[in-house]
Amino acid sequence: MSAQPDHTPVAPYAPAPGAPAELLAQLRADRRAERWVPAFEREWAAALEESRRTFSLNTLYEVVNVWQARLASAPAVDTFVASGHDETGFIDMAELRGRRHR
């Protein structure tokens, strides 16, 4: 019999202890820094609050993992956008989010 509750979520990949600071430095060096740094800082602050409330690091790990993936995929996104592909059939996520919050 296990002492762990059945509903305990499995923690995602745990980033290195210095990963958030390294990630923030990379975001500050990126050409999108004006938009990305404040967004990362907002998400990080919310994750810290959630972590304090729940005593779980999962949300912090998730924020780091998502932003690492976003930063890693940025060159491919830039290449796609620069290629001139027609993206009129794609959903505008910013517009979609705006509709949900009205």
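**Group meeting: a helical protein, from one loop outward**

Let me begin in the loop between α2 and α3, which is where Phe 55 is placed. I should say at once that this is a predicted model, and that what follows is to be heard with that in mind. Phe 55 has a positive phi of about 60 degrees, although it is not a glycine. Most residues other than glycine have a negative phi. As for its surroundings, Phe 55 counts as exposed, because its relative accessible area is 78% and the cut-off for exposed is over 50%.

A useful contrast is Ser 51, which sits in helix α2. Is Ser 51 buried or exposed? With a relative accessible area of 11%, Ser 51 is buried, since buried means under 20%. Leaving aside residues up to four places away in sequence, Ser 51 touches Ser 56, Leu 57 and Leu 60.

Stepping back to the whole protein, the secondary structure comes to 4 helices and 0 strands, and from the N terminus the elements run α-α-α-α. Of the 102 residues in the protein, 23% are buried. Among contacts with a separation of 6 or more, 55% are between residues 24 or more positions apart.

Now to α3, which covers residues 58–82. The 25 residues of α3, at 1.5 Å a residue, should span 36 Å, and the end C-alpha atoms are 36 Å apart, so the two values agree. There is nevertheless a bend in α3 of about 40 degrees at Ala 74, with a proline, Pro 75, following within four residues. Which residues of α3 are buried? They are Asn 58, Leu 60, Tyr 61, Val 63, Val 64, Trp 67, Leu 71 and Ala 74, so Leu 60, one of the residues that Ser 51 touches, and Ala 74, where the helix bends, both appear in that list by the criterion of under 20% relative accessible area. What covers these buried residues includes α1, residues 19–29, and α2. After α3 comes Gly 84, whose phi is positive, near 80 degrees.

Finally, I would like to turn to the second largest pocket, which has a volume of about 150 Å³. Its lining is made up of Arg 31, Arg 32, Arg 35, Trp 36, Arg 70, Ser 73, Ala 74, Val 77, Asp 78 and Val 81, and Ala 74 is therefore met again here, with an atom within 4 Å of a pocket point. Both α2, residues 33–54, and α3 supply at least two residues of this lining. Which element gives the largest share of the lining? That is α3, with 6 residues. By class, the lining has 5 charged, 4 nonpolar and 1 polar residues.

Terms used: Residues numbered from 1 in each chain as written. Predicted model: local features only at pLDDT ≥ 70, side-chain atom pairs only at ≥ 80, totals over all residues. Heavy atoms only, no water. 1 Å grid on protein atoms, 1.4 Å probe; cavity = no way out; pocket = protein on both sides within 12 Å on 5 of 7 lines; lining within 4 Å. Points joined across faces, edges and corners; volume = space filled by probe spheres on them. Nonpolar A, V, L, I, M, F, W, Y, C, P; charged D, E, K, R; others polar. Buried < 20%, exposed > 50% of the residue type's maximum accessible area, 1.4 Å probe, protein only. Contact = heavy atoms within 4.5 Å. Expected span 1.5 Å × (residues − 1). Bend = angle between axes of the 7 residues up to and from the residue.
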